[in-house]
Amino acid sequence: MFTFFVAKRLFAEGGSSGRASRLATGIATVGVAIGLAVMLVSVAIVLGFQREVQDKVLGFGAHIKVMNFRSLGQQELSPIVIDDSVVSRLEAIPNVASVARFCTKPGMLKTDANFRGIAIQGIGQDYDRSFIQSHMVSGEMPEFTDSVGSGKLVISQAMAREMQVDVGQTIYAYFFEQTVRARKFTVAGIYRTNLTDFDRNFAYTDLFTIHRLLRWDSQQYAGAEIRLQDFERLDETLMNVVDQVNHRQDSYGEYYSSMSIRMEHPQIFAWLGLLDMDIAVILILMICVSIFTAVSGLLIIILERTNFIGIMKALGARNKQVRHLFLGLAMLIILRGIVYGNVLAFALIYLQKLTGLVTLDPEVYYVEAVPVLVNWWWVLAIDLGTLVISTLAMVVPSFVVSNITPAKSIRFE
């Protein structure tokens, strides 16, 4: 196309016809580049933060829990029968990766230096220990079972510091019922996830020990934790679990109930959902910045090219063709800004990913360094959106060429 050919020639000249044109082209390019870089980096940070916090919450809790209906909203969980038939029924549900029985017992940890209340979770060999193992800072995660008492306990780093204990040392746990019952544990491992509410309140031992402390029958447990193959299908899988077990009674007359991790921790997931609004605000603001700089640059270029526009019209070019010429020039400037913006954004993202240069207070933000996650669909959408919206915004200022007449513009200085 002739107009695009001329636009490429003008773009290749780099605004050599005048200082103002060169400056306007440079400002428009930088404005688009910075706006795009801010959008890409912001989205990468928000997505990384959402993934990091969500993964930690999912690591502590199951995607779906099956429990006694009377346990909902209670700290002390009531028993429910989770026998092999219930486990088999749950494992047969599509998208279910694993089913693990668990028991939880509130108690108090005590050393010579300090004491504190805590919930100790008993886990067996079918429990997914990968999350805790990946966050161990000292010691190890033992191979807990539901048939042998290990006498070992895994606690958080915050808890270890408060209780002034380390790996290999002894710590006592007290459980209060009609009488006080005590158990001696050896600290086998210390973990740290920076999720304060969880780190300060959860410890792990074998399922056998907690089950005996609760004095429940052999098939009674606090519930079953279900982990999914695809977390995105959580709601669909929850409905299948509800169909299989909810409103049914076990052999003791207790009713089964199911809840998802989102239902168990609604405040955390609601907070993560609000971050999507932050993305929208940032995108709108940065798109406006890119449009403003590009429009300003185009107007300056048009005014400085008044003589050129007059000559084009004198040679027979119509207003529409001249407008298309400058729209093509604006698009090329925006494309260059997009390229520079991508280079700048990915340089910053990968610098942060490799070095963790920008740090955070884990007590407030749950992570020690700003997390980043590159989603290529988001990158493509932002790049294309910036190009299309910014180019469309150039349509209105391009109509300025319609007011330029050949007779006056050729003599324009």
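How many aromatic pairs does the structure hold? The structure, a predicted model, holds six aromatic pairs; one of them is described in the second legend below.

**Figure 1. Overview of the predicted protein chain.** The model shown here and in the following views is predicted. The protein chain contains 16 helices and 12 strands. Of its 413 residues, 50% are buried. Among contacts with a separation of 6 or more, 78% join residues that lie 24 or more positions apart. The chain has an accessible surface of about 20,300 Å², and carbon and sulfur atoms contribute 59% of that area.

**Figure 2. Close-up of the aromatic cluster containing Tyr-127, Tyr-191 and Tyr-204.** These three tyrosines form one aromatic cluster. Within the structure's set of six aromatic pairs, the pair of Tyr-191 and Tyr-204 is edge-to-face, because the ring centres lie 6.2 Å apart and the planes meet at 65 degrees, an angle over the 60 degrees required for that class. Tyr-191 belongs to strand E8 (residues 180-191) and Tyr-204 to strand E9, so the pair ties together parts that are 13 residues apart in sequence. Both Tyr-191 and Tyr-204 are buried.

**Figure 3. Close-up of helix H7 and its cover.** Helix H7 spans residues 207-214 and is mostly covered, with six of its eight residues buried. The buried residues are Leu-207, Thr-209, Ile-210, His-211, Leu-213 and Leu-214. The elements that cover them include strand E3 (96-110), E4, strand E7 (170-176), E8, E9 and strand E10 (220-221). Two of these covering elements, E8 and E9, also carry Tyr-191 and Tyr-204, respectively.

**Figure 4. Close-up of the salt bridge between Lys-65 and Glu-264.** The structure has nine salt bridges in total. In the one shown here, the side chains of Lys-65 and Glu-264 meet with an N to O distance of 3.1 Å. Lys-65 lies in strand E1 (residues 64-68) and Glu-264 in helix H9 (residues 261-264); the pair thereby links distant parts of the chain, 199 residues apart. Lys-65 has a relative accessible area of 10%, which means that this residue counts as buried, the limit being under 20%. Glu-264, by contrast, is partly exposed, at 26% relative accessibility.

**Figure 5. Close-up of the salt bridge between Glu-143 and Arg-129.** The two side chains meet with an N to O distance of 2.8 Å. Glu-143 is situated in the loop between strand E5 (136-139) and strand E6 (152-156), and Arg-129 in the loop between strand E4 (115-123) and helix H4 (130-134), so the bridge ties together parts that are 14 residues apart in sequence. Glu-143 is exposed, with a relative accessible area of 63%. Arg-129 is buried, its relative accessible area being 13%.

**Figure 6. Close-up of the salt-bridge network of Arg-116, Glu-162 and Arg-200.** A network of salt bridges links these three residues. In the bridge between Glu-162 and Arg-200, the closest N and O atoms are 3.3 Å apart. This pair links distant parts of the chain, 38 residues apart: Glu-162 is in helix H5 (residues 157-163), and Arg-200 is in the loop between helix H6 (196-199) and strand E9 (202-206). Glu-162 is partly exposed at a relative accessible area of 23%, and Arg-200 is partly exposed at 35%.

**Figure 7. Close-up of a nonpolar surface patch including Val-281.** Leu-274, Met-277, Val-281 and Leu-285 make a nonpolar surface patch of about 400 Å². Val-281 is located in helix H10 (residues 266-304). With 44% relative accessibility, Val-281 counts as partly exposed. In an α-helix, residues three or four places apart point the same way, because there are 3.6 residues a turn.

**Figure 8. Close-up views of Cys-103 and Cys-288.** How many disulfides does the count come to? The count comes to zero disulfides, a disulfide being a covalent bond between the sulfur atoms of two cysteines. Cys-103 is buried, with 0% relative accessibility. Cys-288, in contrast, is partly exposed, with a relative accessible area of 44%.

How values were computed:
Residues are numbered from 1 along each chain as its sequence is written. This is a predicted model: local features need pLDDT of at least 70, side-chain atom pairs count only at pLDDT 80 or more; totals for chains, interfaces and linings use all residues. Side-chain values use heavy atoms; hydrogens and water are left out. A salt bridge is a side-chain nitrogen of Lys or Arg within 4 Å of a carboxyl oxygen of Asp or Glu. Helices (H or I, at least four residues) and strands (E, at least two) are DSSP runs, numbered from the N terminus. Buried means under 20% relative accessible area, exposed over 50%, partly exposed in between (1.4 Å probe, protein chains only). Patches are made of residues with over 30% relative accessible area and no salt bridge: like charges are joined within 9 Å, nonpolar side chains (Val, Leu, Ile, Met, Phe, Trp, Tyr) within 5 Å. Accessible areas come from the Shrake-Rupley method with a 1.4 Å probe; for residues, only the protein chains shown count as cover. A disulfide is a pair of cysteine sulfur atoms within 2.5 Å. Rings of Phe, Tyr and Trp (its six-membered ring) pair if their centres lie within 6.5 Å; planes under 30 degrees apart count as stacked, over 60 as edge-to-face and the rest as tilted. Contact means heavy atoms within 4.5 Å.
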